[in-house]
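Me: Please examine the structure shown below and answer a series of questions about it.

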2 protein chains.
Amino acid sequence: MSEPLRIALAGLGTVGGGVIRLLEANAALIARRAGRPITISAISARNRSKDRGVDLSAYAWEDDMVILGERPDVDVVVELVGGADGPALALARTTFEAGKALVTANKAMVAHHGLELAAKAEAAKVAFKFEAAVAGGIPVIKALKEGAAANHIDRVYGILNGTCNYILSTMEDTGRDFADVLAEAQAKGYAESDPTFDIDGIDAAHKLAILSSIAFGTAIDFGPVAATGIRRVLAADIAQADALGYYIRLIGMAETELDAAGQRRLFQRVHPMLVHRDHPLAHVDGATNAVVAEGNFVGRLLFQGAGAGDGPTASAVVADLIDIARGDIGAPFSIPAAELEKASPASSGHRTGKAYLRFTVADRPGVLAEITAAMRDAGVSIESLIQKGRAAIGSTEAVLVAMVTHEGPESAIAEALRLLEGSPSLAAPPLVMHILED
Amino acid sequence: MSEPLRIALAGLGTVGGGVIRLLEANAALIARRAGRPITISAISARNRSKDRGVDLSAYAWEDDMVILGERPDVDVVVELVGGADGPALALARTTFEAGKALVTANKAMVAHHGLELAAKAEAAKVAFKFEAAVAGGIPVIKALKEGAAANHIDRVYGILNGTCNYILSTMEDTGRDFADVLAEAQAKGYAESDPTFDIDGIDAAHKLAILSSIAFGTAIDFGPVAATGIRRVLAADIAQADALGYYIRLIGMAETELDAAGQRRLFQRVHPMLVHRDHPLAHVDGATNAVVAEGNFVGRLLFQGAGAGDGPTASAVVADLIDIARGDIGAPFSIPAAELEKASPASSGHRTGKAYLRFTVADRPGVLAEITAAMRDAGVSIESLIQKGRAAIGSTEAVLVAMVTHEGPESAIAEALRLLEGSPSLAAPPLVMHILED
């Protein structure tokens, strides 16, 4: 058997501990598949004395994690610290400058600095891999880069945040409201004490930017990803969607299109959608993630699995290490960084589809007429309208009015909402969720 | 850009035509992803003059396809002829002996001769790839060999035959019987004029043998794969399953286990199962395939997509070619052929689970007592029993009795059926379908 692949681990949180446990538990299997053993030379984390339930005594310790990239006994640095900038980014740069490979689970860093880091890795002729950054244990980056490599991908989308999916599917099963389920998820450790990144869709947006770059061969560009989270979804919305044959899921959706001038444009959006019950994403429950890619020859592919957790994430990290051990130094984004296309963002206005709109209105005559008139004036055609129940908005009682539109441009819906803006009839801003049909 | 990867195509049926169209339509993208162009040097098929809707004039023609492997202008032979033996096998052997790589969609040949061919490819240090042999366009072989490479896989199973899944889900949607739906599928070209390989489970068994070898690192062994097809599934069974919360799917299931002596044993079976409606495989409709793999760190992964058709299958063939163009010569079965473990077949008797049993019985008193007594004597505990409707069996009227057992060993069910064997109360052999819970 050949020389071992020697790694350094930066960050010993949940995932770091998982990587150590996995490399130990499956060592013989990993060596057979990789063609050589994968060994840990050195480790670093913020707090050396913390008990992590794994024996670290065999590994050299560095207080300054950036040093890991410069150690002569290290071939690959595994960065599990997180954060778009700071020590993680400094470590990544140092690692490539020292001519070593990097494996990371850090979606924020890849979303913000992926292009720079890919160029550095390619210049150094070393691997830069981040399977664990998207959809946990699901090997979806490999599937897009290699498995579906022969295809022009038209569209890539999916359920990219396990916390949101857990909350939405629990609301669905129990009829409880968002805040209540979030608090429970936090108590159980399924949601962070500061859940902003998850529930406001930013985590999913990071992952979407990575997926779309790999799927379309475009330069990764996180800035224009529009993100709306799930805070405003009510139990009543879920019940209403269910009655209409839909489930509400937080969907990250990316598509390329040609504009009027023939220029390629990139649409990237994370927002809660109504997913038709015949669509495979409708049945993805709990903390599970799922990604759909549509290719011009392969058709629709679906990949589903655990989106987070130490075991699944460690599985993705070590798969990257096995690839590196086997000599795979592919372009990080499937084609060389210099050849990635710089696509301008696409506007959403001319996109067409059906939408669900929910208004929280004052309980008095004429409100419905006002809303439907705005729809008519903006050219939005209503397929069905449901006035249902009362909801307490602060201290006042209000009524929920939900509707599903016929297929039409998103710009018309935006115009209708603009016409209603500031109307005293509305007790809260309307909620718009687009519809994903089968 | 580097030298092109030069291929030869043997077989110009649906898939062969798809490969040519894909290589032409996506040529620029493929060259960028592969790092070099993929070009066709030579082709061969049974009938030169047949119109295939693609222009073949640019490619050298060989009447004898076995010659393709020996041409100096060919780096990789793509075998799309089919058949476990005959010209396909001769071509594969010649190709490796000439030191060239082989890509194939031929599940029968890989299932029967995969071990020999892998050893030949490894000796010649060339690639032998067969992503298209299992589950059409779904990159599931790559997912198991590489994406989930860090895991011990405990179980791999799925819907591996699109024709059967189309027939079962059409029976489900329409309430029609098997023969009727099969005839329609044949008329529409979804099923072969001789559908034996598909509907008797042999095609799925070939694919299962390939999947289990890669998932478990065992020497591929098609012989012991037990296969039962879907011919005997009645519309009444589907209706009954639906009432109980299950869908009927043809499932290929492989698992390894340790026997009493600590020896590893391999269980491989294809048969129709009742799949609980909360299991993701329950919602896989039409000609779609789906594979589930359960790893000791990653948990449950699901891969879903088109299981057949020229576009999806060509997508898998060309993905293999791109890997080869990028220099990937991995062991065909993930670990070297000589290291693959020779696992003895496991018997099904001690497997435990719930099962659905359906009896077609004479309509007279005492029949139910006879059946339930046999169950009691064999130690099979009945959870629910439904006596339902009449069915014409040949010229005689009979009654269907269906039951679901409690969890128990499969050997007890076999014993109960043995006790009932030859009983004049049974108008037809009983049908047993095991149950896949969520």
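**The interface and its symmetry**

Reply: In this predicted model, the area buried between chain A and chain B is about 4,100 Å², with carbon and sulfur atoms giving 55% of that area.

Me: Which residues in chain A lose the most area to chain B?
Reply: The contact involves 49 residues of chain A and 49 residues of chain B. Within the side belonging to chain A, three residues together account for 19% of what that side buries. The residues that lose the most area are A:Arg32, A:Arg33 and A:Phe297.

Me: By what kind of axis are the two copies related?
Reply: A turn of 180° with a shift of 0.0 Å along the axis lays chain A on chain B, with an RMSD of 0.0 Å. The two copies are thus related as by a two-fold rotation axis.

Me: Which residue of chain A has the C-alpha nearest the axis?
Reply: The same surface serves both copies, as 100% of the contact residues of chain A recur in chain B. In chain A, the C-alpha nearest the axis is 2.4 Å from it and belongs to A:Phe303.

Me: With which residue does A:Asp328 form a salt bridge?
Reply: Between chain A and chain B, the count is 4 salt bridges, and 21 residue pairs are found in polar contact across the interface. In the salt bridge of A:Asp328, the closest N and O atoms are 3.5 Å apart. That value lies within the 4 Å cut-off for a salt bridge, and the partner is B:Arg326.

Me: Is A:Asn151 buried or exposed?
Reply: A:Asn151 lies in the loop between H5 and strand S7 (153-159) of chain A. Apart from residues up to four places away in sequence, A:Asn151 touches residues of both chains, including A:Phe297, B:Leu29 and B:Arg33. Its relative accessible area is 0%, and buried means under 20%; A:Asn151 is therefore buried.

Me: With which side chain does the side chain of A:Asn151 make a polar contact?
Reply: B:Ser315 is among the residues that A:Asn151 touches. The polar contact, at 2.8 Å, is with the side chain of B:Ser315.

Me: What does A:Lys107 count as in terms of relative accessibility?
Reply: The "binding site" annotation in an unreviewed UniProt entry covers A:Lys107, a residue found in helix H4 (residues 107-123) of chain A. Leaving aside neighbours within four places in sequence, A:Lys107 is in contact with residues including A:Asp203 and A:His206. Its relative accessibility is 22%, so A:Lys107 counts as partly exposed.

Key
Residues numbered from 1 in each chain as written. Chains lettered and ligands numbered in written order. Predicted model: local features only at pLDDT ≥ 70, side-chain atom pairs only at ≥ 80, totals over all residues. Heavy atoms only, no water. Least-squares fit on C-alpha atoms with pLDDT ≥ 70 in both. Contact = heavy atoms within 4.5 Å. UniProt positions renumbered as here; feature names shortened; annotations may be inferred. Helix = DSSP H or I, 4+ residues; strand = E, 2+ residues; numbered from the N terminus. Buried < 20%, exposed > 50% of the residue type's maximum accessible area, 1.4 Å probe, protein only. Buried area = accessible area lost by both parts, 1.4 Å probe. Salt bridge = Lys/Arg side-chain N within 4 Å of Asp/Glu carboxyl O. Polar contact = N/O pair within 3.5 Å; in protein donor to acceptor, adjacent residues only side chain to side chain.
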